[in-house]
Amino acid sequence: MKYIKPKKLKVLVAMFFGTGIWGIISGMFLITPTVFFIVVFGVINLCLGGFCGYRLLTQVKPESNKRNK
């Protein structure tokens with residue numbers, strides 16, 4: 001996969017985890033027939049946050065190739 005700057009990945013992790021937690025909590029306390037979808041989308045956001053966190057922790061910065069410059 002392509003190298004992504006760590007600052008961008010940290011923002012993505014915070015955004016996904018924040019919206020995921022917010023979605024699950026708001027889905028638990030709202031009493032409507034569509035609450036299930038809010039909770040499911042919250043769980044999906046948590047999974048995306050976990051994936052971005054995994055990418056942040058495991059990616060290796062590519063070496064600059066001085067021969068091509």
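How many of the 69 residues in the protein are buried, as a percentage? Buried residues make up 25% of them. The model behind these views is predicted.

**Figure 1. Overall view of the protein, with two helices and zero strands.** The C-alpha trace spans about 65 × 15 × 15 Å along its principal axes. The radius of gyration is 17 Å. A compact globule of 69 residues would come near 11 Å. The protein exposes about 5800 Å². Carbon and sulfur atoms supply 72% of that area. Take the contacts between residues at least 6 apart in sequence: 71% of them join residues at least 24 apart.

**Figure 2. Close-up of Gly27, a buried residue.** Gly27 sits in helix 1. Its relative accessibility is 4%. Gly27 counts as buried because that value falls under the 20% cut-off. Which residues does Gly27 touch, once neighbours within four places in sequence are set aside? They are Val35, Ile38 and Val39. Val39 lies twelve residues from Gly27 along the chain. The C-alpha atoms of Gly27 and Val39 are separated by 5.2 Å.

**Figure 3. Close-up of Met15 and Asn45, 30 residues apart along the chain.** Met15 belongs to helix 1. A distance of 8.8 Å separates its C-alpha atom from that of Asn45. Is Met15 buried or partly exposed? Met15 is partly exposed, at 42% relative accessibility. That class applies because 42% falls between the cut-offs of 20% and 50%.

**Figure 4. Close-up of Val11 and Gly49, 38 residues apart in sequence.** Val11 is also a residue of helix 1. From C-alpha to C-alpha, Val11 and Gly49 are 9.9 Å apart in space. Val11 has a relative accessible area of 53%. Val11 is therefore classed as exposed, since the cut-off is over 50%.

**Figure 5. Close-up of a nonpolar surface patch of about 550 Å².** Which residues make the patch? Phe17, Ile21, Ile25, Met28 and Phe29 make it. Phe17 is found in helix 1, which covers residues 6-29. Phe17 is partly exposed. Its relative accessible area is 33%. Patch residues need over 30%, so Phe17 passes that cut-off.

**Figure 6. Close-up of the aromatic pair formed by Phe36 and Phe37.** The count of aromatic pairs comes to one. In this pair, the ring centres of Phe36 and Phe37 are 6.0 Å apart. The angle between the ring planes is 65°. The pair is edge-to-face because its angle is over the 60 degree cut-off. How exposed are the two partners, Phe36 and Phe37? Phe36 is exposed, with a relative accessible area of 58%. Phe37 is partly exposed, with 48%. The two partners fall into separate classes because 58% is over the 50% cut-off, while 48% lies under it.

Definitions and conventions. Residues numbered from 1 in each chain as written. Predicted model: local features only at pLDDT ≥ 70, side-chain atom pairs only at ≥ 80, totals over all residues. Heavy atoms only, no water. Phe/Tyr/Trp six-rings, centres within 6.5 Å; stacked < 30°, edge-to-face > 60°. Buried < 20%, exposed > 50% of the residue type's maximum accessible area, 1.4 Å probe, protein only. Patch = residues over 30% accessible without salt bridge, like charges linked within 9 Å, V, L, I, M, F, W, Y side chains within 5 Å. Areas by Shrake-Rupley, 256 points an atom, 1.4 Å probe, with all protein chains shown as cover. Salt bridge = Lys/Arg side-chain N within 4 Å of Asp/Glu carboxyl O. Helix = DSSP H or I, 4+ residues; strand = E, 2+ residues; numbered from the N terminus. Rg over C-alpha atoms; globule rule 2.2 N^0.38 Å. Contact = heavy atoms within 4.5 Å.
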